[in-house]
Amino acid sequence: LPPHLVDAIVTTRNAVVEEGVSSSRFISMAMFDILAHSGPPPYSYKGAGGLSVKELFDVVMQDLNGRNAASLGPGVYYPASWYHLCTGYDAGYYSYLWSEVYASDVFTQFSSAGDDGCFD
């Protein structure tokens with residue numbers, strides 16, 4: 001293959017991988033947010049009970065993202081530094097992803113409406 005095609009394939013692959021990692025991390029954090037706001041500790045998740053906030057974060061991230069807080073570095077207590085948990089979102093972190101779904105649907109409707117797409 002010509003070098004420019006190889007470069008294009010690598011760039012595309014990297015973008016797809018990054019998007020996948022970003023999406024799985026986002027979904028993991030949204031699930032943690034929903035679970036953490038669904039009741040007081042101790043928490044349970046997929047049969048594991050008696051979980052602290054940190055343990056819940058670790059098992060959800062490991063399950064849905066393949067990583068846990070230990071991969072962030074020693075002494076990192078991520079739930080304590082994530083401001084969405086304590087600024088009134090109350091299990092609403094997922095709404096960012098949901099708004100992307102709505103935006104995509106709207107863009108699709110407008111872009112298929114005319115010859116010049118959504119800028120018609």
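Good morning. A residue is called buried when its relative accessible area is under 20%, exposed when that area is over 50%, and partly exposed in between. Please keep that definition in mind as we turn to this structure, which is a predicted model.

I begin with the interior. By this definition, Phe 32 is buried, and Phe 57 is buried as well. In the largest nonpolar core, which has 17 residues, Phe 32 and Leu 56 are those with the most contacts. Helix α1, strand β1 and helix α2 each supply at least two residues of this core. The largest share comes from α1, with six residues. As general background, nonpolar side chains in soluble globular proteins tend to be buried together.

Next, the aromatic rings. How many aromatic pairs does the count come to? The count comes to two. For the first one I shall discuss, Phe 32 and Phe 57, the ring centres are 5.2 Å apart and the planes stand at 85°, so the pair is edge-to-face, since the angle is over 60 degrees. This pair links distant parts of the chain: Phe 32 belongs to helix α1 and Phe 57 to helix α2, which covers residues 53-65, and 25 residues separate the two positions.

The other pair is formed by Trp 98 and Tyr 102, whose ring centres lie 5.6 Å apart with planes at 75°, so this pair is edge-to-face. Here both residues sit in helix α4, residues 95-111, four residues apart, or about one turn of the helix. Are these two residues buried, exposed or partly exposed? Trp 98 counts as partly exposed because its relative accessibility is 49%, and Tyr 102, with a relative accessible area of 49%, is partly exposed too.

I move on to the strands. Strand β1, residues 43-45, and strand β2, residues 48-51, run antiparallel and are joined by two bridges. Across this pairing, Tyr 43 stands opposite Leu 51 in β2. The hairpin of β1 and β2 has two residues between the strands, and Lys 46 takes a positive phi near 50° there.

Finally, the surface. Which residues make the nonpolar surface patch of about 450 Å²? The patch is made by Leu 1, Leu 5, Val 6, Ile 9 and Val 10. Of these residues, Ile 9 lies in helix α1, which spans residues 3-36.

To close, I return to helix α1. This helix contains Ile 9, a member of the nonpolar surface patch, and α1 also gives six residues to the largest nonpolar core. Thank you for your attention.

Definitions and conventions
Residues numbered from 1 in each chain as written. Predicted model: local features only at pLDDT ≥ 70, side-chain atom pairs only at ≥ 80, totals over all residues. Heavy atoms only, no water. Patch = residues over 30% accessible without salt bridge, like charges linked within 9 Å, V, L, I, M, F, W, Y side chains within 5 Å. Areas by Shrake-Rupley, 256 points an atom, 1.4 Å probe, with all protein chains shown as cover. Salt bridge = Lys/Arg side-chain N within 4 Å of Asp/Glu carboxyl O. Phe/Tyr/Trp six-rings, centres within 6.5 Å; stacked < 30°, edge-to-face > 60°. Buried < 20%, exposed > 50% of the residue type's maximum accessible area, 1.4 Å probe, protein only. Pairing = 2+ DSSP bridges. Core = buried A, V, L, I, M, F, W, Y, C linked by side-chain atoms within 4.5 Å.
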